[in-house]
Amino acid sequence: MKMWMSKLFKNPALFLICLGSAAVFASGAGHSAENTAALSFTILHTNDLHAHDESFSEGGKNVGGMARIGHVMREIKSRDKDTLMVDAGDLFQGTPLYTLKRGEVEVELLNRIGFDIGAIGNHEFDDGPENLEKQLKKAKYQIVCANLDFSAAPDLERIVKPSVVRTVDGQKVAFIGAIYPDVARGSITLGGIKVKAVGADWLQPIKSEIDRLKKEGINKFVLVSHCGIELDRELAEKLTDLDVIIGGHSHTRIDPMIVVEHEDGTRTAIVQTGCYGRAIGQLRLAFDKDGVLLQGDTKERLIDIGEDDEQDSDLKE
């Protein structure tokens, strides 16, 4: 305990994480019974890492790096077991490590850190679906995308699912994947993989997946989106069943989180961290007994990753 406290006060970032987490847990005090959270859990999220596996210099400071990201995420999860780790796509492409290993390093790092779910970004196709299948078959985390038709790549189709359902504290939460509809223009080659719907109907495959899951009795939905902030706003406005959109693609640092209110009294939160692992997101979600997101008890903070953060040796190696 003394060692942990000493490390905590020497590391301002970790101290703020713990202080903020305490505030989140305390924020429910004083609420009426009907507004008390029936389910609370944490999502740690990244997006658009673009193979920035190693830290890099920016503005005279050393920032990012998966050894640091992994250390911070592991520390948070060690204190909060109801924590899921999610990446919103464009894990590939951007540094010589990707050029050399074509995604092997990035997938292995997410495996070692303990990620649970990942979306597909447009740059995951830069070396074609064959390479993507080769790398993703090594993934220990689940891959989601609801609006791509993978029938031209059966091996990849077996890996990528429209959604996954995770049980958290006895309750089911659906995680659905999505990519922007003009992805063909942002990828070197899709190799026969197609977007299921374009134009005004581009949201339909995502809505259909939500409707299918609702028939199974699920009422909590997280969209892991590689669509960009403008399309995420459209998704939040039109698909009112979505509780949270964990975004990517536009490299937008959203701070504070965006909350879209719906006429029926529900709401959708939109979060995104920026890019290159400069920061990770810590999202504490709270739902009432009907599966409605409680805005007052739902908190998001961006944790900047810098030289004050420790590097886990297994990841650095």
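Trainee: In this predicted model, how many residues of each class, nonpolar, polar and charged, line the second largest pocket?

Mentor: The lining of this pocket holds 18 residues. By class, these are six nonpolar, four polar and eight charged.

Trainee: Which helix gives the most to that lining?

Mentor: Helix 3 (66–79), helix 5 (104–113) and helix 10 (313–316) each contribute at least two residues to the lining of the second largest pocket. Val105, Leu109, Leu315, Lys316 and Glu317 are the lining residues nearest the centre of this pocket, whose volume is about 350 Å³. With four residues in the lining, the helix that gives the most is helix 5.

Trainee: Which residues of helix 5 are buried?

Mentor: The cover over the buried part of helix 5 includes helix 3, strand 4 (83–87), helix 4 (96–101), helix 6 and helix 10. Just after helix 5, Gly114 has a positive phi of about 110 degrees. Within helix 5, the buried residues are Glu106, Val107, Leu109, Leu110, Asn111 and Ile113.

Trainee: Why is helix 6 largely enclosed by the rest of the structure?

Mentor: The buried residues of helix 6 are Gly128, Pro129, Asn131, Leu132, Glu133, Gln135 and Leu136. They pack against helix 4, helix 5, strand 6 (142–144), helix 7 (154–159) and strand 8 (160–161). Helix 6 is largely enclosed because the number of its nine residues that are buried is seven.

Trainee: Which element supplies the largest share of the largest nonpolar core?

Mentor: This core has 64 residues, and those with the most contacts inside it are Ile120, Leu136, Tyr141, Leu148, Phe150, Ile206 and Leu235. Elements that each supply at least two residues of the core include helix 5, helix 6, strand 10 (171–179) and helix 8 (204–215). The largest share, six residues, comes from helix 3.

Trainee: With which residues is Ile120 in contact, leaving aside neighbours within four places in sequence?

Mentor: Ile120 is among the residues with the most contacts inside the largest nonpolar core. Beyond four places in sequence, the contacts of Ile120 are Gly89, Phe125, Leu132, Leu136, Ile143, Val144, Phe150, Val160, Ile179 and His226.

Trainee: How many residues has the other core that lies apart from it?

Mentor: Ile117, Ala269, Val271 and Phe287 are among the members of this other core. Its residue count is 24.

Trainee: How much space lies in the largest cavity?

Mentor: A search of the whole structure finds one cavity of 30 Å³ or more. Its lining consists of Asp87, Leu91, Leu110, Gly118, Ala119, Ile120, Glu124, Leu136, Tyr141 and Ile143, and by class it has seven nonpolar, one polar and two charged residues. Leu110 is a buried residue of helix 5, while Leu136 is a buried residue of helix 6. The space in the largest cavity is about 70 Å³.

Trainee: Where in the chain is confidence lowest?

Mentor: The chain averages a pLDDT of 91, and 89% of the residues score at least 70. Over residues 21–34 the pLDDT is below 50, and this stretch has 13 contacts in the model beyond near neighbours in sequence. Where pLDDT is low, the predicted coordinates should not be read in detail. Confidence is highest in strand 13 (residues 244–246), at 99, and lowest, at a mean of 43, in helix 1 (residues 2–10).

Trainee: How many contacts beyond four places in sequence does the model have for residues 1–10?

Mentor: Over residues 1–10 the pLDDT stays under 50. For this stretch, the number of contacts beyond four places in sequence is eleven.

How values were computed. Residues are numbered from 1 along each chain as its sequence is written. This is a predicted model: local features need pLDDT of at least 70, side-chain atom pairs count only at pLDDT 80 or more; totals for chains, interfaces and linings use all residues. Side-chain values use heavy atoms; hydrogens and water are left out. On a 1 Å grid over the protein atoms alone, a cavity is a set of points where a 1.4 Å probe fits but cannot get out, and a pocket is an open set with protein on both sides within 12 Å along at least five of seven lines; lining residues have an atom within 4 Å of a point. Grid points are joined across faces, edges and corners, and a volume is the space filled by probe spheres set on the points. Ala, Val, Leu, Ile, Met, Phe, Trp, Tyr, Cys and Pro count as nonpolar, Asp, Glu, Lys and Arg as charged, and the others, Gly among them, as polar. pLDDT is the predictor's confidence in each residue, from 0 to 100. Contact means heavy atoms within 4.5 Å. A nonpolar core is a set of buried Ala, Val, Leu, Ile, Met, Phe, Trp, Tyr and Cys residues joined through side-chain atoms within 4.5 Å. Buried means under 20% relative accessible area, exposed over 50%, partly exposed in between (1.4 Å probe, protein chains only).
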